[in-house]
Every structure is written in structure tokens, then in C-alpha cells.
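Me: I should like to learn how to read charged and polar side chains in a structural model. Could we work through an example together?

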Amino acid sequence: PAVGSEAGTMRIMKDIVDCRIHWPMPSEGSLTPAAQSLIAALLHPQVSKRLGHLKQGALDIVEHPWFEGLDFRLVSAPRPG
């Protein structure tokens, strides 16, 4: 969603290409540090260092601190009718 003036749109697009993330201020109800870490790791500009492309693959994502306490077996299990 790069919306606004042409100059603003170009800046946003350059930030995306350069993988610069501008996090909201904590007072604005921003993401937790764990959420920021997860997003930054998933968007790492170097594929070889990107979360999910490392040695453990998807397990690296599942084991990220942001998912602490989430039981992925329950997420993928069918709901009882």
C-alpha cells in the first residue's frame, strides 16, 4: 500500500527494496519486540539468512519467541463438529 504523493510513494518503494522497516513508536500501540524480530527475520534481504530458509526451515519460524505458547498441532487440527 504505497499511497500518497509520487515522491512519498517512491520513498516507500525504495524503503521496501532496501528492506528498511520503520517501526511505530511504542506509545502508538506498536508491535512487541518479538513481533518486530519475527517480521524482520521473515523479510531479511538475504534469502540465505531469511527465517524459514535456514538449516531448520519452517521449524525456525515455529520456534521463534513470538509463537511461544502456541500449539501448532491445535492450529492445524480440524475443529470438532
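Reply: Let us begin with exposure. At 25% relative accessibility, aspartate 71 is classed as partly exposed, because that class lies between the 20% limit for buried and the 50% limit for exposed residues. Please keep in mind that the model is predicted.

Me: How many salt bridges does a search of the whole structure find?

Reply: Side chains of opposite charge can pair when their charged atoms come close. Here the search of the whole structure finds one salt bridge. Aspartate 71 forms it with arginine 73, and their closest N and O atoms are 3.1 Å apart.

Me: Is arginine 73 buried or exposed?

Reply: Arginine 73 counts as exposed, at 65% relative accessibility, whereas aspartate 71 is partly exposed.

Me: Where does histidine 64 lie, and is histidine 64 buried or exposed?

Reply: Histidine 64 is found in the loop between helix 3 (58-62) and helix 4 (72-76). Its relative accessible area is 9%, so histidine 64 is buried.

Me: With which side chain does the side chain of histidine 64 make a polar contact?

Reply: The partner is the side chain of serine 37, at 3.1 Å. Leaving aside residues up to four places away in sequence, histidine 64 touches Ala34, Ser37, Leu38 and Leu51.

Me: Which elements of the chain have the lowest and the highest mean pLDDT?

Reply: Helix 1 (residues 6-17) has the lowest mean, 72, and helix 3 the highest, 93. For the chain, the average pLDDT is 80, and 75% of the residues score at least 70.

Terms used:
Residues are numbered from 1 along each chain as its sequence is written. Side-chain values use heavy atoms; hydrogens and water are left out. A salt bridge is a side-chain nitrogen of Lys or Arg within 4 Å of a carboxyl oxygen of Asp or Glu. Buried means under 20% relative accessible area, exposed over 50%, partly exposed in between (1.4 Å probe, protein chains only). Helices (H or I, at least four residues) and strands (E, at least two) are DSSP runs, numbered from the N terminus. A polar contact is a pair of N or O atoms within 3.5 Å; within protein, one must be able to donate a hydrogen and the other to accept it, and residues adjacent in sequence count only if both atoms are side-chain atoms. Contact means heavy atoms within 4.5 Å. pLDDT is the predictor's confidence in each residue, from 0 to 100.
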